[in-house]
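Visitor: I have the sequence and the model on my screen. Can you walk me through it?

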Amino acid sequence: MTGRIAQLWRSMPVRLALLLVLLFSTVSLLSLAASYAVTQNSFETAIRADLEQDLAGFRAAPNARAVALLVDGESRDADPSRVILSYITPSGRIYGNGAIARDDEGYHIVSLARDRAEYDGEYLSLSTRLYGGQLTVARSRAQIEALGTVFLNILLISLLPTVLIALSGGLYLARRSKHHVEVIGGTLDDLTNGDLGARVRVSAQWADDLVRIGTKVNQMASAQEAQTQMLRQVSSDIAHDLKTPIQRVAVHLDDLARTVPPDTQEGALLAKAQDEVTGIASVFQSLLQIASVEAGSPKAHFKPVDLTHLCQTMTEVYEPAAMAKDQSLVCEVQDGPIFVHGDKNLLGQVLANLIENALRHTPQGSQINISLCTNHGRPTLEVADNGAGIPEAEREKVLRRLYRLDASRHTPGNGLGLSLVEGVVKLHGGMLGLLDNAPGLRVRIVFPKP
């Protein structure tokens, strides 16, 4: 789950959504900050204008007593949480609903009532000398302070839902894009694994760029499939065309062998020529068999095959050859039959090739194990030996046609055995793996569930 979330966050749609959200949030914050500053300045200007107007009204009074009475009268009707009026007469008497006091912490507005309570909040004030006294008018900044809360609410109401919607949209697009990319990636994996008929199924809901990518992948796959089919056809045609002349040469050599004594120099050369022709014929026969398997023609004759009985039979067939080289051939199968849907002869050829390879490339005293079991309902066949094995870097290459390891070039064989094995396994829908047996090689074939 954590890995899937990490993939979504790393996807391009989510990153673009985050970038757009960041850009929109920055612009919105700057706009709101500028609006707040302008509005706050307007409010402060309006309050100062009201204070100037209040002072102008009190200046119209003819003397200090008139100012004191006017301040005392208006202060009774004024709300001290909004307006503070204070006039200190020349004799030191205070009229109004508050007085400004100062201490080490700054200025404070104190009520003139008996409890002398301090008023909460901040005020804007103006003071002036009038008729020998001190007149002070202050108005509350509560409206300006409330402005910050209003703008914060606007920010939360407008910006937060936008961010959530944008991120949700980005995640939705990322999931859709991830699915489309997985479709293309799955097709590329199939092509890499040898399924040249795999194609990207482009949907009408796909974006134009993904449609173009899918189309290009399909074009590449079609070209690769055509070239591979052409190469296979050429190989098959060559094998077909040369098979008959080679067989004729073999017949002529057999006729000649009847007239040449085998214990002469000519007879020895003739025997070597017959062996070479037999090897050439075997190569062409294997090429034709691989071409037939890759074309899928044997599928028409598929039927249930008991792998248990097949493994036991092939072990009995090759036991004498193993004993002749002082090797042991061990067959371990679970009780009861294990069936796969396939061609019995081809599956027998797979086992024969794997056993022959193991016998050929392991020294005397080696042990070769054939095991068969079911793993999660899938038949699993393994042929393992304790010989030199195949280096990991060479395991992909040995599946190519006619490829042979340097250490195997002086041993019998034509480099087509594992190619045929791979072709038969793919024909049956299985998976072939070349693993390290530490020491030796372990060939594992996993068939699909029957």
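Visitor: Let's start with the cysteines. Is C331 buried, exposed or partly exposed?
Guide: This is a predicted model, so every value here is computed from it. The relative accessible area of C331 is 27%. Buried means under 20%, and exposed means over 50%. The value for C331 lies in between, so C331 is partly exposed.

Visitor: And C373, with its relative accessible area of 35%: buried, exposed or partly exposed?
Guide: The cut-offs are again under 20% for buried and over 50% for exposed. At 35%, C373 falls between them, so the label is partly exposed.

Visitor: Why is there no bond between C331 and C311?
Guide: C311 holds the closest cysteine sulfur to that of C331. A disulfide needs the two sulfur atoms within 2.5 Å. The sulfurs of C331 and C311 are too far apart for a bond, because the distance is 5.4 Å.

Visitor: How many disulfides does the count come to?
Guide: The same 2.5 Å cut-off applies. By this rule the count of disulfides is zero.

Visitor: C311 is in a helix contact, I think. Which residues of helix 8 does helix 7 meet?
Guide: Helix 7 covers residues 307-324, and helix 8 covers residues 344-360. From helix 7 come L307, L310, C311, M314, Y318, A321 and A322. Their counterparts in helix 8 are K344, L347, G348, L351, A352, I355, E356 and L359.

Visitor: How do the residues of that contact divide into nonpolar, polar and charged?
Guide: The contact of helix 7 with helix 8 has two charged residues and one polar. The nonpolar residues number 12.

Visitor: At what angle do the axes of helix 7 and helix 8 cross?
Guide: The two axes come within 10 Å. Helix 7 passes helix 8 in a right-handed crossing. The crossing angle is roughly 35°.

Visitor: On to the strands. In what order do the four strands of the open sheet run?
Guide: The pairing in this sheet is antiparallel. Strand 2 (94-96) and strand 5 (123-130) each have a single partner strand, so they stand at the edges. Neighbouring strands are turned by 15° against each other on average, direction ignored. The order is 2-1-6-5.

Visitor: Which residue in strand 6 stands opposite R129?
Guide: Strand 5 pairs with strand 6 (residues 133-140) in the antiparallel sense, over eight bridges. Opposite R129 stands Q134.

Visitor: Which helix lies across strand 1, strand 2, strand 5 and strand 6?
Guide: The helix spans residues 64-77. It runs at about 155° to strand 1 (83-88). The name is helix 3.

Visitor: Now the later strands. How many of the eight residues of strand 11 are buried?
Guide: Strand 11 covers residues 378-385 and is mostly covered. Eight bridges pair strand 11 with strand 10 (residues 367-375) in the antiparallel sense. Five bridges join strand 11 to strand 13 (residues 441-446), also antiparallel. The buried residues of strand 11 number seven.

Visitor: Which residue takes a positive phi in the hairpin of strand 10 and strand 11?
Guide: Two residues lie between the strands of this hairpin. The phi in question is near 55°. The residue is H376.

Visitor: In the hairpin of strand 12 and strand 13, which turn residue has a positive phi?
Guide: Strand 12 (residues 431-436) and strand 13 pair antiparallel over six bridges. Across them, L435 has R442 as bridge partner. Four residues lie between the strands, and the phi is about 50°. The residue is A438.

Visitor: One more residue. Is A221 buried or exposed?
Guide: A221 sits in helix 5 (residues 208-257). A221 touches L191, L196, A198 and R199, leaving aside residues up to four places away in sequence. The relative accessibility is 1%, so A221 counts as buried.

Visitor: And what share of the protein's 450 residues counts as buried?
Guide: The protein has nine helices and 13 strands. Buried means under 20% relative accessible area. The share that counts as buried is 34%.

Note on methods: Residues numbered from 1 in each chain as written. Predicted model: local features only at pLDDT ≥ 70, side-chain atom pairs only at ≥ 80, totals over all residues. Heavy atoms only, no water. Pairing = 2+ DSSP bridges. Axes fitted to C-alpha atoms, helices over the stretch in contact; angles between N-to-C directions. Contact = heavy atoms within 4.5 Å. Buried < 20%, exposed > 50% of the residue type's maximum accessible area, 1.4 Å probe, protein only. Left-handed = near helix turned anticlockwise from the far one by under 90°. Nonpolar A, V, L, I, M, F, W, Y, C, P; charged D, E, K, R; others polar.
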